[in-house]
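Visitor: I am new to this structure and should like to learn how to read its features. Where might we begin?

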Amino acid sequence: MGVRRWRVPHRGNFSACPNGSRWVMDVFNECAQDGRDIASVLLGLVSILCFAAASFPQFYQACKTGIMDRALSIYFLLGWLGGDLLNLIGSFLADQLPLQVYTAVYYVLADLVMLSLYCYYKVKNGGGGFTTPINAAFVFLALGTVSAVSVLGRGAGGGQDPATFRGRSLLSPRRDEPGAKPFTRSEIIGFFGSVSSVLYLCSRLPQIHTNYKRKSTAGVSYSLFALVMLGNSLYGLSVLLKNPEPGQGEGDYVLHHLPWLVGSLGVLALDVVISFQFLAYRRGKPGTREERDALLGEQGDGLES
């Protein structure tokens, strides 16, 4: 999908943000000192809504065309799910607000619905083979992972101090901790965030290859990629609009968030490539009915042989 935003709550400590917006602090535990900060929060919220709505056009397109197993790359779906799973794990480790955790859970569930549709049409179109049980096993494994993370996150989040995790910054260990630890909680969260961004980025490459190999984008919803592109664009603007932390310059702030910006811009660039594929294959591509008939013809030939 796209790169996500992880934030650590300030535990409702409004005294640390005396001139900030009360509703922003109550809802997001974010210190919004002026209109620029409020605009950043609103843009970030709209970007999350874009990510949340991105799957629905593909659901409709899958049911309409019936060729989802050919239209979408399984590695695209698995990479998307992997990124969202790491985002969910990071949300528990960062001790986020319930609203943010529920959003991360929703992303994973939407991915699992997408994978279930893929497996369904894989079987229906006669292309199951060994891939169907593998994909089904992966879905059950993902469900188990989500359940385990949910239980562990609730059990382990009680007696620990939250890591200092602001925006999409890569983390460094807290300097006031005595002694040197191999991996701090902050470093683990930063690692998950980095791998999540890489998975989102790499997931586009198999889909680009699938579109090129088919010379068609039939069965793929462009609205999915359009909403993700809009979400990543709004996220980048929300990061750039946010006021730097006290004592931090604009340049240092941008550099601090550069890994997340690069991840969002990288996904955006690859989605633009997919957009050009939609334009290039718009004319002369086989229609949905023709491609479905070809699938049924291949299945009939296989039965005769």
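Guide: Let us begin with a term: contact means heavy atoms within 4.5 Å. Please keep in mind that this is a predicted model.

Visitor: What covers the buried residues of α2?

Guide: The cover includes α1, α3 (55-65), α6 and α9 (222-241). Among the buried residues of α2 are Asp 37, Val 41, Gly 44, Cys 50 and Phe 51.

Visitor: How should one read the direction in which residues of a helix point?

Guide: An α-helix has 3.6 residues a turn, so residues three or four places apart point the same way. As for span, the 19 residues of α2 should cover 27 Å at 1.5 Å a residue, and the end C-alpha atoms of α2 are indeed 27 Å apart, which agrees.

Visitor: Which residues form the nonpolar patch on the surface?

Guide: The patch is formed by Trp 23, Val 27, Leu 42, Leu 45, Leu 49 and Leu 99, which together have about 520 Å² of accessible area. Two or more of its residues come from each of α1 (22-28) and α2 (35-53). The most come from α2, which gives three. Leu 99 belongs to helix α6 (residues 98-124); this leucine, Leu 99, is partly exposed because its relative accessible area is 47%, between the limits of 20% and 50%.

Visitor: Is Cys 63 buried or exposed, and how many disulfides does the structure hold?

Guide: Exposed means over 50% relative accessible area, so Cys 63, at 54%, counts as exposed. Cys 119 is buried, with a relative accessible area of 10%. The structure holds zero disulfides.

Technical notes. Residues numbered from 1 in each chain as written. Predicted model: local features only at pLDDT ≥ 70, side-chain atom pairs only at ≥ 80, totals over all residues. Heavy atoms only, no water. Disulfide = S-S within 2.5 Å. Buried < 20%, exposed > 50% of the residue type's maximum accessible area, 1.4 Å probe, protein only. Patch = residues over 30% accessible without salt bridge, like charges linked within 9 Å, V, L, I, M, F, W, Y side chains within 5 Å. Areas by Shrake-Rupley, 256 points an atom, 1.4 Å probe, with all protein chains shown as cover. Salt bridge = Lys/Arg side-chain N within 4 Å of Asp/Glu carboxyl O. Helix = DSSP H or I, 4+ residues; strand = E, 2+ residues; numbered from the N terminus. Expected span 1.5 Å × (residues − 1).
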